[in-house]
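Biologist: Could you take me through one part of this model at close range? I'd like to hear how a single helix sits among its neighbours, and what the aromatic rings around there are doing.

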Amino acid sequence: MRAVKPVIASLVLSLLSATALNGPASAETTTLRMAWYSDGNEGEVMADLLKRFHEQNKDIDVVLDQVPFKAINENLPVQLASGQGPDMARVVDMGGLSRYALDMRPLLKDPGYWETNFGPFLEWMRPAGDTQAIPGFMTQLTVTGPFVNKTLFEQAGVAMPSEKSTWEDWAKAVKEVAGKVQAPFPLALDRSGHRFYALAVSQGTKIFGANGEPDVVDEGFKRAAQLIYDWHRSGVMSKELWGSVSGTAYRGANDEFKNAQVVMYLSGSWQTAQFAKTVDNAFDWVAVPNPCGPGGCSSMPGGAALVAFKTTKHPKEVARLMDYLASEPVLAEFYSRALFVPGHLGLAKKGIDYPTASPEAAAALKVFTASAASISPLAFQTQGYTNSRIIFNAVISRLGQAVSGETTLEDAEKRITADVAQQIAERNKK
């Protein structure tokens, strides 16, 4: 036994030396921060998935910072521009933030899986001219479209317009319904440039000129802008919504819709889970296909992506987390529980089951999934354009001024053209 003591002593000394040099024997924990906004219950679902990830990866802690959409839209770009910001964030302005995105390709287990299942959407996240980067994955594919309070139509005794009906058909119908049931908002449309283009594309706007550069104010655009302007003047739309904010500020009508004050609300598929919860059985609601115009009936695509940023100090750990979250079984569960249209080609082909969805939500998701299959190439091109956010913001800011009476519609259109040109030029200098 005496002969063993020097060996044990030597092992203890070796361990103490290793501990002194390298720290504790257990691996250090890396903390990652993820900025996240929610429209419905997706934040709860993500928190659950992150907890499960940590149980399998004890060396990585993920702090989920749940913030308002406004913080993602307005504050995050400023943080990233100053070299700050989280390791990852759920964002919608993929093109605008692409310069800050981390290319995870060298760190991912199987880049081919990402290319196969997220390929078309990766183009939305890449910097201009980049054809290889893998910055993130789609937490959802979104499709614009109207929600309609079916109960109000029934109470008013007015027939709902059929599929392929025009915007003018719907405007006439909802105005009639609102008048009969005393609803204060016949038509509500998100105060958002993206949602405006759900109308403008159907009115035939081309958005880009022959040289591929933005040519925003064309005849189709003018038709759409005139409709918005006239609807506010005639009472089809209420200034109470768009007029309550200014500049590029977003204003939805979620509360007004859930309180049965809105006959028809143009928003999109991301609202499905929220309305399934907040409306519940208060009234019958349905999603309907995008109304039509001279340019067709296309919705605007969009969505949110979880994107990694170059400023992270832990790129390998970020890639491990992203590989886990983007894996087919985990992402299928996320889409199913959050009631989202999948932004994963393999899962879209297989189909997602929504066992927790109410009948109204399941029917709405069916309508939005069908709409996704008929989105025009121009709508996809617009959404993926690097400077789309510049266009959206200029449009909603100046059109908002015309609606509120601060300027004429003609002057607003001139300013939109000037704003877009100036801001793109400024961005290109950086």
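Modeller: Here is a close look at one helix, followed by the aromatic rings. Bear in mind that this is a predicted model, where local features need pLDDT of at least 70, side-chain atom pairs count only at pLDDT 80 or more, and totals for chains, interfaces and linings use all residues. Residues are numbered from 1 along each chain as its sequence is written, and side-chain values use heavy atoms, with hydrogens and water left out.

The helix is α15, which covers residues 359-372. Helices here are DSSP runs of H or I with at least four residues, strands are runs of E with at least two, and both are numbered from the N terminus. α15 has 14 residues and reaches 20 Å from its first C-alpha to its last, close to the 20 Å expected at 1.5 Å a residue (the expected span is 1.5 Å times one less than the number of residues).

Which of its residues are buried? Ala361, Ala364, Leu365, Phe368, Ser371 and Ala372 are; buried means under 20% relative accessible area, exposed over 50%, and partly exposed in between, with a 1.4 Å probe and protein chains only. Looking down the axis of α15, these buried residues fall within an arc of 120 degrees, so they line one face of the helix. That arc is taken from the directions from the helix axis to the C-beta atoms. Pro359 and Lys366, on the other side of α15, are exposed.

As for what covers the buried residues of α15, the list includes β4 (136-149), β6 (262-268), α11 (272-278) and β7 (285-287), with contact meaning heavy atoms within 4.5 Å.

Now the rings. Phe368 belongs to one aromatic cluster with Phe147, Phe257, Tyr265, Phe275, Phe283 and Trp285. Rings of Phe, Tyr and Trp (its six-membered ring) pair if their centres lie within 6.5 Å; planes under 30 degrees apart count as stacked, over 60 as edge-to-face and the rest as tilted. By this rule the count comes to 28 aromatic pairs. One of them joins phenylalanine 147 and tryptophan 285, a tilted pair at 5.9 Å centre to centre with 55 degrees between the planes. Phenylalanine 147 lies in strand β4 and tryptophan 285 in strand β7, so this pair ties together parts that are 138 residues apart in sequence. Both phenylalanine 147 and tryptophan 285 are buried.
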